[in-house]
Amino acid sequence: MITRYALFEGKVKDGEADAFRNAVMETILPKWKQFPGALDVRVTFAEARDEGAPEYPMILAVNYPDLATVEAALASPVRAEARAATEAVLSRFFEGRIHHHVTVAHEFAL
């Protein structure tokens, strides 16, 4: 299985935490759930961080069965729509940047 993460590094603008969460759940998440071949799409909100630790107020994760499915999803027109929805929410509520990374889960038969 392949998991593609978007790590939202930075902070939500002061006083906008609830509005940010609502916008993510109502605008961003539905768009990412439309990705072809996605097995699971989830979002995690950080409640608090240790002082000095990197700040990730939100992590968006999408699971795919294999790398070919990831590549097809990223090439689809759905990506542009999801990206536009994400950028619209971020420009209103978020100060920071997004990191992307991909992990591969290996299953071993005993």
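Okay, Lys31. In this predicted model, Lys31 comes out as partly exposed, with a relative accessible area of 28%. What does Lys31 pair with? Its salt-bridge partner is Glu81, and the closest N and O atoms are 3.9 Å apart. That still counts, because the cut-off is 4 Å. Now look at where the two sit: Lys31 is in helix H1, residues 17-32, and Glu81 is in helix H3, residues 77-93, so this pair ties together parts that are 50 residues apart in sequence. Glu81 is partly exposed as well, at 40% relative accessible area.

How many salt bridges turn up over the whole structure? The search gives six. Let me walk through a couple of others.

Staying on H3, there's Arg83 with Glu87, where the closest N and O atoms are 3.3 Å apart. These two are four residues apart in the helix, so about one helical turn separates them. Arg83 is partly exposed, at 47% relative accessibility, and Glu87 is partly exposed too, at 46%.

Then there's Lys11 with Asp14, at 3.6 Å between the closest N and O atoms. Lys11 is partly exposed, with 31% relative accessible area, whereas Asp14 is exposed, at 69%. Which residues does the network here link? Lys11, Asp14 and Glu95 are joined in a network of salt bridges.

Lys11 also shows up in the next bit, which is Phe94. Phe94 belongs to strand E4, residues 94-104. Buried or exposed? Phe94 is buried, with a relative accessible area of 8%. If you skip the neighbours within four places in sequence, its contacts are Phe8, Glu9, Gly10, Lys11, Val12, Lys13, Phe20, Pro57 and Val89. Take Pro57 from that list: Pro57 and Phe94 are 37 residues apart in sequence, and their C-alpha atoms are 9.5 Å apart in space.

Phe20, another of those contacts, brings me to the core. The largest nonpolar core has 26 residues, and Phe20, Trp32 and Leu60 have the most contacts inside it. Which elements give two or more residues to this core? They are strand E1 (2-12), H1, strand E2 (40-45), strand E3 (58-64), helix H2 (67-75) and H3. H1 provides the largest share, six residues.

Let's zoom in on Trp32. Not counting residues up to four places away in sequence, Trp32 touches Val41, Leu60, Val62, Ala82 and Thr86. So that you can find them on screen: Leu60 is also one of the core residues with the most contacts.

Last stop, the second largest pocket. It holds about 190 Å³ of space. Trp32 and Leu60 are in the lining, and so are Arg83 and Glu87 from the H3 salt bridge. The rest of the lining is Arg4, Ala6, Phe8, Leu74, Arg79, Thr86, Ile98 and His100. Which element gives the most? That's H3, with four residues. E1, H3 and E4 each put in at least two. By class, the lining has six nonpolar, two polar and four charged residues.

One recap before we discuss. Keep the H3 residues in view: Glu81 pairs with Lys31, Arg83 pairs with Glu87, and H3 gives the second largest pocket four of its lining residues. That's me done.

Technical notes: Residues are numbered from 1 along each chain as its sequence is written. This is a predicted model: local features need pLDDT of at least 70, side-chain atom pairs count only at pLDDT 80 or more; totals for chains, interfaces and linings use all residues. Side-chain values use heavy atoms; hydrogens and water are left out. A salt bridge is a side-chain nitrogen of Lys or Arg within 4 Å of a carboxyl oxygen of Asp or Glu. Buried means under 20% relative accessible area, exposed over 50%, partly exposed in between (1.4 Å probe, protein chains only). Contact means heavy atoms within 4.5 Å. A nonpolar core is a set of buried Ala, Val, Leu, Ile, Met, Phe, Trp, Tyr and Cys residues joined through side-chain atoms within 4.5 Å. On a 1 Å grid over the protein atoms alone, a cavity is a set of points where a 1.4 Å probe fits but cannot get out, and a pocket is an open set with protein on both sides within 12 Å along at least five of seven lines; lining residues have an atom within 4 Å of a point. Grid points are joined across faces, edges and corners, and a volume is the space filled by probe spheres set on the points. Ala, Val, Leu, Ile, Met, Phe, Trp, Tyr, Cys and Pro count as nonpolar, Asp, Glu, Lys and Arg as charged, and the others, Gly among them, as polar.
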